Amino acid sequence: MLVKMKLPPRVWQRVWYNQLETRRLHVPPVEVKSLNDQLREKLKHSGELIKRAMTLYKPNEIMLCFNGGKDCTVLLDILAKVKPPSMPLGAVYVSCPDPFEELEKFVDDCAQRYGLQLRRFEGDLRMAFERLLAENPQVQAMFLGCRRSDPGGLNLGEMLPSDNGWPPMMRIFPLLDWSYHDIWRYIRVNDLPYCCLYDQGYTSLGDRRSTHVNPSLMVYDEKLDKMTYRAAYELEDSRLERANRDEHESKQ
């Protein structure tokens, strides 16, 4: 006699997901509706650090380093919510030699959406900062969207003066203790616009030469009858975030 098992809905959902994963079929992402307690605490701490920096520096003395990537997109949104409405927000964008058109367009869209006073430079980040300070000597601090999981991130502090011959300024890292999945949860909960390349299998962005789709996101699409790529927020193992990047390039 066939016995029909009665299992909780969550158990059946996990069984279904395992079947999809085993067959290398697309696993739909779990819907994200709210921030978890841990991320709410991180967000609160980030906001407090930003407010502290804004008491230490005048509006024209502090800027955001914005490259259109997921991390600084989140940082920009938090800054816009924390800063006084009347405070202008200056940002510097350093374009790589062979940029994605989609990324360039997204940067322009963000500048318009948030009213950024955007300064554009090309090429090397260090030289761009040198030019920035030569033209704007009043700038003393820079917000950056680096996390501890980034290359060199373990040695960073929340507020750290530049070193190793870089132009003198205070570096401020409000997202230092955020994880890859924290970033995507914030984006999805807040329905935050992000660069469309992240929906095409890219998990970390650089220039065209160094950036490829992430093989960890490749799946078989039954409807299309071909292999395709899931969105960046569906990456399960955050250690594979940079699996689509050449090692010598910087991250976004």
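Select strand β1, residues 62–65, and then β4. Three bridges join the two strands, which run parallel. This is a predicted model. Now pick I62: its bridge partner in β4 is A141.

**The sheet**

Widen the selection to the sheet around β1 and β4. Six strands form an open sheet in the order β3-β2-β1-β4-β6-β5. The pairing is mixed. Which strands stand at the edges? They are β3 (117–122) and β5. Each has a single partner strand, so one side of each is left without a neighbour in the sheet. Look along the sheet for its twist, which averages 30 degrees from one strand to the next.

**Helices on the sheet**

Add helix α2, residues 37–56. Helix α2 packs on the sheet and touches β1, β4, β5 and β6 (170–172). Its direction makes about 45 degrees with that of β5.

Next, add helix α3, residues 70–82. This helix also packs on the sheet, touching β1 and β4. The direction of α3 makes about 145 degrees with that of β1.

**Where α2 meets α6**

Keep α2 on screen and select α6, residues 180–189. Two packed helices are described by the angle between their axes and the distance between the axes. Here the angle is about 85 degrees, and the axes are 11 Å apart. Angles of 65 to 115 degrees count as roughly perpendicular, which makes α2 roughly perpendicular to α6.

Show the side chains at this contact. From α2, take L39, K42 and L43. From α6, take D182, R185 and Y186. By class, the contact has three nonpolar, three charged and no polar residues.

**A stop at G145**

Move to the loop between β4 (141–143) and β5 (159–161), and select G145. Is G145 buried or exposed? Its relative accessibility is 12%, so G145 counts as buried; the cut-off is under 20%. Now add L76 to the selection. G145 and L76 are 69 residues apart along the chain, yet their C-alpha atoms are separated by 8.9 Å.

**Zoom out**

Show the whole protein and colour by secondary structure. There are six helices and eight strands. Trace the chain in the order α-α-β-α-β-α-β-α-β-β-β-α-β-β.

Then colour by burial: of the 252 residues, 44% are buried. Turn on the surface. The accessible area is about 14200 Å², and 52% of it belongs to carbon and sulfur atoms. Finish with contacts between residues at least 6 apart in sequence: 73% of them join residues at least 24 apart.

Methods:
Residues are numbered from 1 along each chain as its sequence is written. This is a predicted model: local features need pLDDT of at least 70, side-chain atom pairs count only at pLDDT 80 or more; totals for chains, interfaces and linings use all residues. Side-chain values use heavy atoms; hydrogens and water are left out. Helices (H or I, at least four residues) and strands (E, at least two) are DSSP runs, numbered from the N terminus. Buried means under 20% relative accessible area, exposed over 50%, partly exposed in between (1.4 Å probe, protein chains only). Contact means heavy atoms within 4.5 Å. Accessible areas come from the Shrake-Rupley method with a 1.4 Å probe; for residues, only the protein chains shown count as cover. Axes are lines fitted to C-alpha atoms, for helices over the stretch in contact, and angles run from 0 to 180 degrees between N-to-C directions. Angles under 35 degrees count as roughly parallel, over 145 as roughly antiparallel, 65 to 115 as roughly perpendicular and the rest as oblique. Ala, Val, Leu, Ile, Met, Phe, Trp, Tyr, Cys and Pro count as nonpolar, Asp, Glu, Lys and Arg as charged, and the others, Gly among them, as polar. Two strands pair if DSSP finds at least two bridges between them.
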